[in-house]
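Biologist: Please take a close look at one part of this model, the site around the ligand. Which residues surround ligand 1, and which elements do they come from?

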Amino acid sequence: MDYSLITKSKCTDEEDPTTRKPEYDRLSKLKSFDETRAGVKGLVDSGIKHVPRMFHHQFENNSVSCGIQVSIPIIDLEKVKQNRTTREEIVGKVRNASKTWGFFQVLNHGIPMNVMEEMKDGARRFFEQDVESKSRFFSRDYTKRVVYNSNFDLYSAPAAKWRDTVVCSMAPDPPKPEELPAVFRDIMLEYSKQVMNLGYLLFELLSEALGLNPDYLKDIDCAKGLVMLSHYYPICPQPELTLGSSKHADNGFLTILLQDNVGGLQVLHQNQWINVPPTPGALVINIGDLLQLISNDRFTSVDHRVVTNSASPRVSVASFFTTALVPDTRLYGPIKELLSQNNPPKYKETTVKDFITYFNSKGLSGTSPLPHFKLSKPSHGDK
Ligand code: OGA
Ligand code: NI
C-alpha cells in the first residue's frame with residue numbers, strides 16, 4: 001500500500017482555519033479514518049504534523065508524580081517453590097500489592113527473556129508490515145480469532161486513542177497456527193503457552209493471598225480464557241493533546257502486560273499518575289474488575305492510561321485472563337468463603353457476559369462498571 005494514498009483531507013480531520021466549517025462531522029471523520037484500515041500508524045506514515053481533532057482528549061487535573069518517588073511494587077518470584085517460608089513471604093507481597101496498588105511487576109516469573117523479546121518483535125512486525133497484509137485481519141467482529149483495528153471503541157468513546165491493536169483469542173480453544181498472522185504465529189503460540197503457565201502460578205498465589213486453597217481461582221475458571229492484545233503506539237506529533245490509552249481499569253480477572261523500553265504506562269495511585277517504568281525482564285501484573293468483584297474488594301482494580309511521545313513508537317502485549325469471548329454461563333459473585341457477618345457481600349452475582357455487556361454499553365468513558373453491580377447497603381437490623 002502506498003501511504004501517499006492516505007491523504008490528509010481524506011482520512012484526518014485536521015482543520016484548515018480558513019475553511020473551518022461551523023459543524024464538525026465527527027462520525028464521517030471517524031469513518032474515513034476507519035476505512036483506511038491503516039490505523040494511527042497510517043496517519044503518522046502519511047506525514048501528519050497535527051493530531052486530528054477526533055483524537056483530542058480532555059485532560060483531568062491529576063499530575064504525574066514528581067516529588068516523592070513512589071513506584072509500584074516489584075515482586076521477585078524466584079523462591080516461590082523453594083519452601084513454605086519463602087512462599088508465604090511472596091504471597092504476603094502479592095496480597096499487599098493487589099490491595100493497595102492493584103498493580104505490580106514480577107521478576108523471575110519463568111518466561112525466558114528471549115521469548116519476551118521475540119514476542120515484542122513479532123508484535124512490531126505485525127504493525128510495521130504493509131497495510132494490505134494487515135488489513136486481511138481488519139474487523140470489528142470479536143467472534144473472529146484475530147481482529148486488527150484501531151480503537152475497538154472508535155465509534156462509542158468520547159475521544160479516539162493514539163494506538164492500533166491486534167486481538168487474538170488464545171484460550172480455551174487454542175488457534176491452529178494457520179489461523180494466526182504468519183509474521184508472529186510461532187512466537188504467539190509459544191508466548192501464550194508461557195503466559196498461561198504464569199497465569200496459573202499467579203492465580204495460585206492470589207488464591208493463597210485470599211486464604212483459599214491454591215487451586216481455588218483456577219477451579220472457578222479464572223484462568224480459562226486468554227485474550228491477547230498486541231498494541232502499537234506510533235510516535236505522536238503533539239503528545240499533549242492525546243493519549244495512547246485513556247483512563248480505564250481492565251474488566252477481566254487479571255492482566256499480564258509485556259511492555260518495551262519506551263515507557264508511557266501510568267497508574268492512578270492516591271489521585272496521582274505514577275509512571276510504570278520499563279524494567280528489564282519484568283512483566284506488569286494488574287488486577288481486573290472481575291477479580292475485585294469476587295474478592296469482595298480485597299483486591300483492587302486500578303485505573304491506568306498510556307501517554308504518547310514524539311520520540312519513539314511503543315509496543316506492548318496485554319494478556320487478559322477473561323472468558324469475555326467465549327460462551328460461559330457461570331455466575332461470579334463475592335467468594336462465599338471470604339464472607340462473614342462482618343464482611344457481607346458487596347456485589348451481586350453476574351455472568352462475565354453480562355458484566356462485559358454492561359461495561360461496553362457505557363460508552364467506555366473510563367468510569368468503573370463495578371458500582372452498577374453493588375448490592376445496596378443492608379439497612380440496620382438486616383442480616
Ligand atoms: C490494556 C492496557 C497498557 C499498555 O491493554 O488494557 O492498559 O501499556 N495496556 O499497553
Ligand atoms: Ni488496561
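The site of ligand 1

Modeller: An oxygen atom of ligand 1 is 3.1 Å from an N or O atom in the side chain of D250, which is within the 3.5 Å allowed for a pair of N or O atoms in a polar contact. Taken alone, ligand 1 exposes 290 Å², and 96% of that is buried by the protein; accessible areas come from the Shrake-Rupley method with a 1.4 Å probe. This is a predicted model, in which local features need pLDDT of at least 70, side-chain atom pairs count only at pLDDT 80 or more, and totals for chains, interfaces and linings use all residues. Residues are numbered from 1 along each chain as its sequence is written, ligands are numbered from 1 in the order in which they are written, and side-chain values use heavy atoms, with hydrogens and water left out.

Two other side chains also have polar atoms by the ligand: an N or O atom of Y233 is 2.6 Å from an oxygen atom of ligand 1, and a polar atom of H304 lies 2.9 Å from one. The full surround is H231, Y233, H248, D250, L257, L265, H304, V306, R314, S316, A318 and F320, where a residue counts if one of its heavy atoms lies within 4 Å. Two or more of these residues come from each of β5 (226–233), β11 (304–306) and β12 (314–321), strands being DSSP runs (E, at least two residues) numbered from the N terminus. The largest share, four residues, comes from β12.

How values were computed. Polar contact = N/O pair within 3.5 Å; in protein donor to acceptor, adjacent residues only side chain to side chain.
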